[in-house]
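Reader: Before I use any of the labels attached to this structure, I would like to hear how each one was reached. Could we go through them one at a time?

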Amino acid sequence: MQREPDATIRVGVGYDSHRFVPGRPLILGGVLIPSETGLLGHSDADAVCHAIIDAILGAAGQGDIGEMFPDTDPANKGRDSIGMLEAAVRKISAAGYSVNQVDVSVVAESPQLSPHREKIRARLASALGIDSSSVSVKGKSNEGMGWIGRSEGLACIAVATLKRNR
Ligand code: MG
């Protein structure tokens, strides 16, 4: 007989990366960050929100961001990723889960994330429906190595835990 997994707390991981290009805004965690280059993408290219969406969908076993918001759909062009995150929260909520806590690492050579950290935490917390003390955002450089080191783009890794509601 198959044993039910312990569904009290579920863990999900999400990853996203986008390329830096001139002439685009840099939006991370719903916050506009002053920068000479922004991120290229079909939506607003907010890699922090995208990684968190995949983490919470993954934790709930509810697919992934590409399935939920196909980049072939014109409706998703230039889309606000905070709105996408809120839609993902509604989806996992309908599946019986609520977000418990989120932890994000942003890997980029620049710009520095720390001056914007509290604003990003607050913006994400409000979209996730949790307290900002349950949202962690950390910035890391890649020590000059590889495509991140050459500032070709940035990467985000997110981990989320969900609680079962019913
Ligand atoms: Mg993305």
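Reader: Are D16 and H18 buried or exposed?

Author: This is a predicted model, and in it D16 is buried, as is H18. The term buried is kept for a relative accessible area under 20%, so both residues fall below that cut-off.

Reader: What makes D16, H18 and H50 donors of the magnesium ion?

Author: The atoms concerned are OD of D16, NE2 of H18 and ND1 of H50, and they lie 2.1 to 2.2 Å from the magnesium ion. A donor is an N, O or S atom within 2.8 Å of such a metal, so these protein atoms qualify. Along the chain the donors follow the spacing D-x1-H-x31-H. Water is not among the atoms, so the site may look incomplete.

Reader: Why is E86 called partly exposed?

Author: E86, which is found in helix α3, has a relative accessibility of 31%. Partly exposed covers what lies between the 20% limit for buried and the 50% limit for exposed, so E86 belongs in that class. Its C-alpha atom is separated by 5.5 Å from that of A127, although the two residues are 41 apart along the chain.

Reader: What makes β4 and β6 the edges of the sheet?

Author: The open sheet has 5 strands in the order β4-β1-β7-β5-β6, with mixed pairing. β4 (37-39) and β6 (135-140) each have a single partner strand, so one side of each is left without a neighbour in the sheet. From one strand to the next, the twist averages 25 degrees.

Reader: How do you know that β5 and β6 are paired?

Author: Strand β5 (residues 97-107) is joined to β6 by 6 bridges, and the two run parallel. Pairing requires at least two bridges, so this count satisfies the criterion. Within this pair, V106 stands opposite G139 in β6.

Reader: Which helices are placed against these strands?

Author: Helix α3 (residues 81-94) packs on the sheet and touches β5 and β7 (153-164), its direction making about 140 degrees with that of β5. Helix α4 (residues 117-128) lies across β5 and β6, and runs at about 140 degrees to β6.

Reader: Which residues are closest to the centre of the largest pocket, and which elements line it?

Author: The largest pocket has a volume of about 240 Å³. Of its 16 lining residues, S43, H50, I65, F69 and D71 are the closest to the centre. Two or more lining residues come from each of β1 (9-22), α1 (47-60) and α2 (65-68), and β1 gives the most, with 3 residues.

Note on methods
Residues numbered from 1 in each chain as written. Predicted model: local features only at pLDDT ≥ 70, side-chain atom pairs only at ≥ 80, totals over all residues. Heavy atoms only, no water. Donors = N, O, S within 2.8 Å, 3.2 Å for Na, K, Ca; no water. Buried < 20%, exposed > 50% of the residue type's maximum accessible area, 1.4 Å probe, protein only. Helix = DSSP H or I, 4+ residues; strand = E, 2+ residues; numbered from the N terminus. Axes fitted to C-alpha atoms, helices over the stretch in contact; angles between N-to-C directions. Contact = heavy atoms within 4.5 Å. 1 Å grid on protein atoms, 1.4 Å probe; cavity = no way out; pocket = protein on both sides within 12 Å on 5 of 7 lines; lining within 4 Å. Points joined across faces, edges and corners; volume = space filled by probe spheres on them.
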